[in-house]
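Thank you all for coming; I would like to spend a few minutes walking you through a structure that is probably new to most of you. Please have the sequence and the picture open while I talk.

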Amino acid sequence: MYSHYAWPYYGIGGVGFYGGMGMTGMTETRTPLEESIAASNPDQQTGDPHLRSTSEVKGYQIHATDGEIGEVEDFVMDDNSWTLRFMVVDTGNWFPGKKVLISPRWLTDIQWSNSAVYLDLPVDAVKNSPEYDLFKPIPEVYETDLYTYYGKTF
């Protein structure tokens with residue numbers, strides 16, 4: 001891949017101990033992939049400033065329309081389309097140890113500087129929401145019932 005994409009080598013002029021006879025990968029240290037890509041496109045900015053990793057959002061505080069309700073614990077992804085289906089919200093600090101699902105469609109704002117997610121739902125609705133069990137698959141009827149419970153449409 002390094003030869004095909006003309007990525008640079010670390011080492012002496014790209015020639016290894018065996019003179020570049022197919023053994024160079026064993027004797028030279030390669031440039032890490034990210035550095036090679038950045039070096040080949042010096043004018044291009046890296047990353048999209050609007051995209052965030054889900055791991056960065058874990059732990060963000062969840063704010064309902066009338067108060068705080070918990071924090072982002074995890075995410076449920078559709079493994080066929082890689083669509084973010086739900087956020088898993090841990091209400092343990094606000095209510096006794098309950099995890100609930102919230103659709104990203106119900107978010108009104110994410111404030112990166114405050115590490116906060118804002119919802120278009122009241123605290124009581126989330127508090128009384130059907131509990132999510134991490135160890136059980138989410139049946140289609142559960143998703144339908146959840147949307148109905150919150151008064152939302154697909």
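I will begin with confidence, then go through the sheet, then the pocket, and end with one residue in a loop.

Please keep in mind throughout that this is a predicted model. The mean pLDDT of the protein chain is 79, and 65% of its residues reach 70 or more. If we ask which elements have the lowest and the highest mean pLDDT, the answer is that helix α1, residues 24–27, has the lowest at 47, while β6 has the highest at 96. There are also two stretches to treat with care: over residues 16–21 the pLDDT stays under 50, and the model has 7 contacts there beyond four places in sequence, and over residues 23–27 the pLDDT likewise stays under 50, with 8 such contacts.

Now to the sheet, which is open and has 6 strands, and if you trace across it you meet them in the order β4-β3-β2-β1-β6-β5, with mixed pairing. At the edges stand β4, residues 99–102, and β5, residues 107–111, and each has a single partner strand, so one side of each is left without a neighbour in the sheet. On average, neighbouring strands of this sheet are turned by 35° against each other, if direction is ignored.

Let me take the pairings one at a time, beginning with β1, which covers residues 61–64. On one side, β1 runs parallel to β6, residues 116–119, and 3 bridges join the two; here H63 stands opposite Y118 in β6. On the other side, β1 pairs with β2, residues 67–78, in the antiparallel sense over 4 bridges, and the two are joined by a hairpin through 2 residues. Within that pairing, Q61 has E71 in β2 as its bridge partner.

E71 is worth following further, as E71 also stands opposite D90 in β3. The pairing of β2 with β3 is antiparallel and extends over 7 bridges, and these strands form a hairpin with 4 residues between them, where W82 in the turn has a positive phi of about 60°.

At the other end of the order, β5 and β6 pair in the antiparallel sense over 4 bridges, and Q111 stands opposite A116 in β6. This is again a hairpin with 4 residues between the strands, and in its turn S115 has a positive phi of about 55°.

Let us turn to the largest pocket, which holds about 200 Å³ of space. What lines the largest pocket, and which residues lie nearest its centre? There are 13 lining residues, and R52, V57, L84, I110 and W112 lie nearest the centre. By type, the lining divides into 9 nonpolar residues, 3 polar and 1 charged. Parts of the sheet take part here, for β3, residues 83–90, and β5 each supply at least two residues of this lining, as does helix α3, residues 54–57.

Finally, I would like to point out N128, whose place is in the loop between α4, residues 123–127, and α5, residues 140–150. Leaving aside its neighbours within four places in sequence, N128 is in contact with K98 and Y149. N128 and Y149 are 21 residues apart along the chain, and their C-alpha atoms are separated by 9.6 Å.

Key: Residues are numbered from 1 along each chain as its sequence is written. This is a predicted model: local features need pLDDT of at least 70, side-chain atom pairs count only at pLDDT 80 or more; totals for chains, interfaces and linings use all residues. Side-chain values use heavy atoms; hydrogens and water are left out. Two strands pair if DSSP finds at least two bridges between them. Axes are lines fitted to C-alpha atoms, for helices over the stretch in contact, and angles run from 0 to 180 degrees between N-to-C directions. On a 1 Å grid over the protein atoms alone, a cavity is a set of points where a 1.4 Å probe fits but cannot get out, and a pocket is an open set with protein on both sides within 12 Å along at least five of seven lines; lining residues have an atom within 4 Å of a point. Grid points are joined across faces, edges and corners, and a volume is the space filled by probe spheres set on the points. Ala, Val, Leu, Ile, Met, Phe, Trp, Tyr, Cys and Pro count as nonpolar, Asp, Glu, Lys and Arg as charged, and the others, Gly among them, as polar. pLDDT is the predictor's confidence in each residue, from 0 to 100. Contact means heavy atoms within 4.5 Å.
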